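This report covers the cysteines, the ligand surroundings, and the cavities and pockets of one structure. Please consult the sequence and the coordinates alongside the text.

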Amino acid sequence: MPTARLMFDPRLPIGAVNRRLFGSFVEHLGRSVYDGIYEPTHPTADADGFREDVRDLVRELGVSAIRYPGGNFVSGFRWEDSVGPREQRPERIDLAWHSTETNEVGLHEFQRWLESIDSELVLAVNLGTRGTLEALDLLEYANLPGGSARALERASNGRSAPFDVRMWCLGNEMDGPWQLGHRSADDYGKLAAQTARAMRMFDPSLELVVCGSSSRHMSTFGEWERVVLSHSYDDVDYISCHAYYEEKNGDAASFLASAVDMDAFIEQVVTTIDHVKAVKRSDHVVNISFDEWNVWYNERFEKIDKITGVDNWPVAPRLLEDAYSVLDAVVVGNLLISLLRRADRVTSASLAQLVNVIAPIMTEPGGIAWKQTTFFPFALTSALAVGEAVTTRVESDTYDTAVYGTVPTIDAITTHDAEAGTVSIFVVNRSQTDTTTLEFDLSSFSGVISGDAQTLADDDIYAVNTLAEPERVSMRANTSLALADGAGSIELPPVSWTVITLRTR
Ligand code: AHR
């Protein structure tokens, strides 16, 4: 059995783990909202029409902030349609997903739902088919305490206190040719900077996110970030990154190493941010909001799901409803390790998305809601990655991949909560054949008194949870964890994600 060695030292912190790293994303897309979080005829529906069983799962998932209402959807969205008396709200076609938006759920309903799960609203403005003025209108409607026509309108729509939205996304994926209102980096950079400055005239303390690349594999990647930031650097706080991964052509070995790509993406964006900072002689720090990331079988969507036809605009169609396997969940767990590894610069992130649409939670209309495999690494990382991410090194075997060359078999990150006296180790085994024994030194902790571990693994790496079998895959206690004489060890099965919790007092 191969052996790997893990070294970590709480005296070498990377950075505080920002709760916003465990954000998610709800887009008006497919059954994410309608027949997802919202289903007024469901037996568990509350007075607003939101499903209580879904709310319970979202709470358990531990999402800190939710980006809303898109995504590609936002680039054709008129926010005014989604407020006011429900019966007067217009139905609109949504060009991004070729669907009908009923506007039954809008800003007010969504914010009430967020308050009930104790999560923060992150709003995206439409900089695709709209501009600075409409963004300002929405900001005034959402955040002005009182006085203006917009604030009065909000009050007459049932909310006199402002929404006080802190974090705003300046458009969505403006580098993508598929985006309504897609622009060059130069044009978008100027528009984003102008909008950011205007929004800051309203409130200088807003946290603003400018669009970075929608993938590291866009032909404009790198130059897009440089040009956009050269226009907007001192006016924004974050630049976004988006990344989706999928197993292609049965190449599980490369897919398992997806985090190698995410690591490189983060490093290259940080380098570009800091280059612009140096050129501008700025003291301001821009960080990364990794505001869309996940496994997504996009090829399946392009070939099978895509809706067409000028007379065909369904409401809440089944779109992007990927069923996630154990393999997918291990990759998701590894992507979380990547985000934590740069907790110093990735200070916000959103798992895309939350319910039904490439989601950790699935629902059946009138029926049950269940956890996908990817629910587990997200929920446990959100719950246990507390305090500071600390420098972590792994010595392990390597293996060869077609896409990323030779990569380590074992990848890990450690967090340390000094206040609670706990250490969490998050670790993946990417080998498809070998169980690895992971050994670690605990001498920098005077008194580790106990620990436990949970592992996600299965003899069938393609096992999924479904409506028929919603609990086929779940976490299991890993009883191989051994702690003695300032050292520990654990067995990591092939294609697995594990979290080890150590208590030092
Ligand atoms: O999350 C699904 C889509 O992926 C989003 O609408 C878009 O921003 C990205 O391309």
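The sulfur of Cys-169 lies 7.5 Å from the closest cysteine sulfur, that of Cys-211, which is too far for a bond. A disulfide is defined here as a pair of cysteine sulfur atoms within 2.5 Å. Cys-211 is likewise in no disulfide, the nearest cysteine sulfur being that of Cys-169. Across the whole structure, the search finds zero disulfides. Cys-169 counts as buried, at 2% relative accessibility, and Cys-211 counts as buried at 3%. Buried denotes under 20% relative accessible area, exposed over 50%, and partly exposed the range in between, with a 1.4 Å probe and protein chains only.

The model is predicted: local features need pLDDT of at least 70, side-chain atom pairs count only at pLDDT 80 or more, and totals for chains, interfaces and linings use all residues. Residues are numbered from 1 along each chain as its sequence is written, and side-chain values use heavy atoms, with hydrogens and water left out.

**Ligand surroundings**

Residues around the ligand (one heavy atom within 4 Å of it) include Phe-25, Glu-27, Trp-97, Glu-173, Tyr-244, Glu-292 and Trp-296. Three further residues have N or O atoms at short listed distances from ligand oxygen atoms; a polar contact is a pair of N or O atoms within 3.5 Å. Asn-72 places a backbone N or O atom 2.9 Å from a ligand oxygen. The side chain of Asn-172 has an N or O atom 3.0 Å from an oxygen atom of the ligand, and a polar side-chain atom of Gln-353 lies 3.0 Å from a ligand oxygen.

**Pockets and cavities**

On a 1 Å grid over the protein atoms alone, a cavity is a set of points where a 1.4 Å probe fits but cannot get out, whereas a pocket is an open set with protein on both sides within 12 Å along at least five of seven lines; lining residues have an atom within 4 Å of a point. Grid points are joined across faces, edges and corners, and a volume is the space filled by probe spheres set on the points.

| Space | Approximate volume |
|---|---|
| Largest pocket | about 1100 Å³ |
| Second largest pocket | about 270 Å³ |
| Largest cavity | about 140 Å³ |
| Second largest cavity | about 90 Å³ |

The largest pocket is lined by 45 residues, with Trp-178, Tyr-244, Glu-246, Trp-296 and Asn-298 nearest its centre. Helix α9 contributes the largest share of this lining, five residues; helices (H or I, at least four residues) and strands (E, at least two) are DSSP runs numbered from the N terminus. By class, the lining of the largest pocket holds 20 nonpolar, twelve polar and 13 charged residues. Here Ala, Val, Leu, Ile, Met, Phe, Trp, Tyr, Cys and Pro count as nonpolar, Asp, Glu, Lys and Arg as charged, and the others, Gly among them, as polar.

In the second largest pocket, α8, β14 (388-395) and β17 (410-417) each supply at least two lining residues. Its lining comprises seven nonpolar, three polar and five charged residues.

The search finds five cavities of 30 Å³ or more. Around the largest cavity are 17 lining residues, and Pro-69, Phe-77, Trp-79, Ala-124 and Leu-138 lie nearest its centre. Eleven of its lining residues are nonpolar, three polar and three charged. For the second largest cavity, strand β4 (residues 92-94) gives the most to the lining, three residues, and the lining divides into three nonpolar, two polar and five charged residues.

Definitions and conventions. A polar contact is a pair of N or O atoms within 3.5 Å; within protein, one must be able to donate a hydrogen and the other to accept it, and residues adjacent in sequence count only if both atoms are side-chain atoms.
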